Amino acid sequence: MNAVHHITPLRKFTWLLKREYWENRGGFLRAPLVAGGISLLLTAMAIIAGLFAAHRAARNGNLPLYDTNGVNINGLDLGMLTRQMSPEDMARFGEGINFTLLLSSTWPFIVLGFVVFFYCLGALYDDRRDRSVLFWKSLPLSDTQTVLSKLASAVVVAPLLATLAAILTMFGFIAVICIAVLAHGGNPVTLIWAPANPFTIAAGMLCWVPVYALWALPTVGWLLLCSAWAKSKPFLWAVMLPVFAGVIVSWFGLMKLFALDTGWFWVHVVGRLLLGTVPSINLAYQPRPTQGQSLQSVLHGFSPADQLASLASPQLWIGAVVGVLFIAAAIWLRQRRDEI
């Protein structure tokens, strides 16, 4: 007698996630890695060009340096320069390094915004267009599991892989500047690793993943709904409907009925529906004091504590509830619409 192996819902969901990764590995993994590699290449080229210009200026006497005795040295000695820094200067220097490390990791995140947006638009539409939806519906898989696997791929798998690519890019950038520092008389341990906080920045990036998942939920839900509903050109439907609604609201001044200006609708409705996949867009919705917009305050906004604190934002949870409603509607349409 043949044994019947029962496949649990969790195992089915795991295989659905693997399917989404295999079919979209280029966007989920390769694109962020390639973007990070390109940014490192451009950074290395910029550093080489800058050092070449500095050495040429030093040889021509246009870059005079002085040692502690006031003796003029025509050269580029980083160790000598940093030895003359005060503790306050070193603290500001460390903030500058941290900000540079943060900027060095942005390319994979920029790619992530486009990848998630267009992945969600085609997630349910492409199955109907090529008729493969009939094959997937013939398997012992529910439409709820299918839609939720695509949701998890968009808000968990893709941002997690992009975050890992960004962390690799950041440490690759550190390796590049450490080599440059070593080549010019500096100690990377005291000059780079001591004043900087790369591990704190990496931890902040990892803490950002659940924030992104919740903040992107209304946009991802809206895009999945349009992907399940549109008979053609889901991009136009997804973009033009919110924009057209914004134009109507602005034209007739409908927000005055609620004692709000037109800008509120564009920011909190149109913006939340279309821009939620942009990494760290939630920072634009958080009130910041006009004073104290220093480099330190900017870096604090990306710290692990500040990222986790943003989970208490009412705007985040209101948007998440709206996103859940969109996803429920997308599941309902998936169950009833097999063809374009």
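How much accessible surface does the chain have, and what share of that surface belongs to carbon and sulfur atoms? The accessible surface comes to about 18200 Å², and 70% of it belongs to carbon and sulfur atoms. The model behind these values is predicted, and every value below is computed from it. The chain contains 16 helices and two strands, and buried residues make up 41% of its 340 residues. Among the contacts with a separation of 6 or more, 78% are between residues 24 or more positions apart.

**Salt bridges and their network**

- A search of the whole structure finds seven salt bridges, and the three described here involve Glu-23 with Arg-19, Arg-334 with Asp-127, and Arg-334 with Asp-143.
- The side chains of Glu-23 and Arg-19 meet at 3.4 Å, taken from N to O, and both residues belong to helix H1 (residues 9-23), where they sit four residues apart, about one turn of the helix.
- As a general matter, an α-helix has 3.6 residues a turn, so residues three or four places apart point the same way.
- Arg-19 counts as buried because its relative accessibility is 7%, which falls under the 20% cut-off.
- In the salt bridge between Arg-334 and Asp-127, the closest N and O atoms are 3.5 Å apart.
- Arg-334 lies in helix H16 (residues 314-336) and Asp-127 in helix H6 (residues 125-129), so this salt bridge ties together parts that are 207 residues apart in sequence.
- Both partners of that pair are buried, Arg-334 with a relative accessibility of 3% and Asp-127 with a relative accessible area of 6%.
- Arg-334 also forms a salt bridge with Asp-143, at 3.6 Å from N to O, and this pair again links distant parts of the chain, with Arg-334 in helix H16 and Asp-143 in helix H8 (residues 143-182), 191 residues apart.
- Asp-143 has a relative accessibility of 15% and therefore counts as buried.
- Through shared partners, salt bridges join Arg-19, Glu-20, Glu-23, Asp-127, Asp-143, Lys-150 and Arg-334 into one network.

**Helix H8 and the nonpolar core**

- Helix H8, which has 40 residues, reaches 57 Å from its first C-alpha to its last, a span close to the 58 Å expected at 1.5 Å a residue.
- H8 nevertheless bends, by about 40°, at Ser-153.
- H8 is mostly covered, since 28 of its 40 residues are buried.
- The largest nonpolar core holds 69 residues, of which Val-220 and Trp-222 touch the most other members, while H8 gives the most to this core, with 15 residues.
- When its neighbours within four places in sequence are left aside, Val-220 is in contact with Val-116, Cys-120, Leu-151, Ala-154, Val-155 and Thr-277.

**Helix H12 and its surroundings**

- Helix H12 (residues 234-252) has 19 residues, which at 1.5 Å a residue should span 27 Å, and its end C-alpha atoms are indeed 27 Å apart.
- H12 bends by about 30° at Met-240, and a proline, Pro-242, follows within four residues.
- Pro-242 is also one of the buried residues of H12, the others being Pro-234, Ala-238, Val-239, Gly-246 and Val-249.
- These buried residues of H12 pack against helix H5 (106-123), H6, helix H11 (217-229) and helix H13 (262-274).
- Gly-253 follows H12 and has a positive phi, near 60°.

**Positive phi outside glycine**

- Lys-233 is not a glycine, yet its phi is positive, near 50°, and its place is in the loop between H11 and H12.
- With a relative accessibility of 53%, Lys-233 counts as exposed, because the cut-off for that class is over 50%.
- Ser-280, likewise not a glycine, has a positive phi of about 65°, and Ser-280 lies in the loop between H13 and helix H14 (295-300).
- At 23% relative accessibility, Ser-280 counts as partly exposed, because that value lies between the 20% limit for buried residues and the 50% limit for exposed residues.

Note on methods: Residues numbered from 1 in each chain as written. Predicted model: local features only at pLDDT ≥ 70, side-chain atom pairs only at ≥ 80, totals over all residues. Heavy atoms only, no water. Salt bridge = Lys/Arg side-chain N within 4 Å of Asp/Glu carboxyl O. Buried < 20%, exposed > 50% of the residue type's maximum accessible area, 1.4 Å probe, protein only. Contact = heavy atoms within 4.5 Å. Areas by Shrake-Rupley, 256 points an atom, 1.4 Å probe, with all protein chains shown as cover. Expected span 1.5 Å × (residues − 1). Bend = angle between axes of the 7 residues up to and from the residue. Core = buried A, V, L, I, M, F, W, Y, C linked by side-chain atoms within 4.5 Å.
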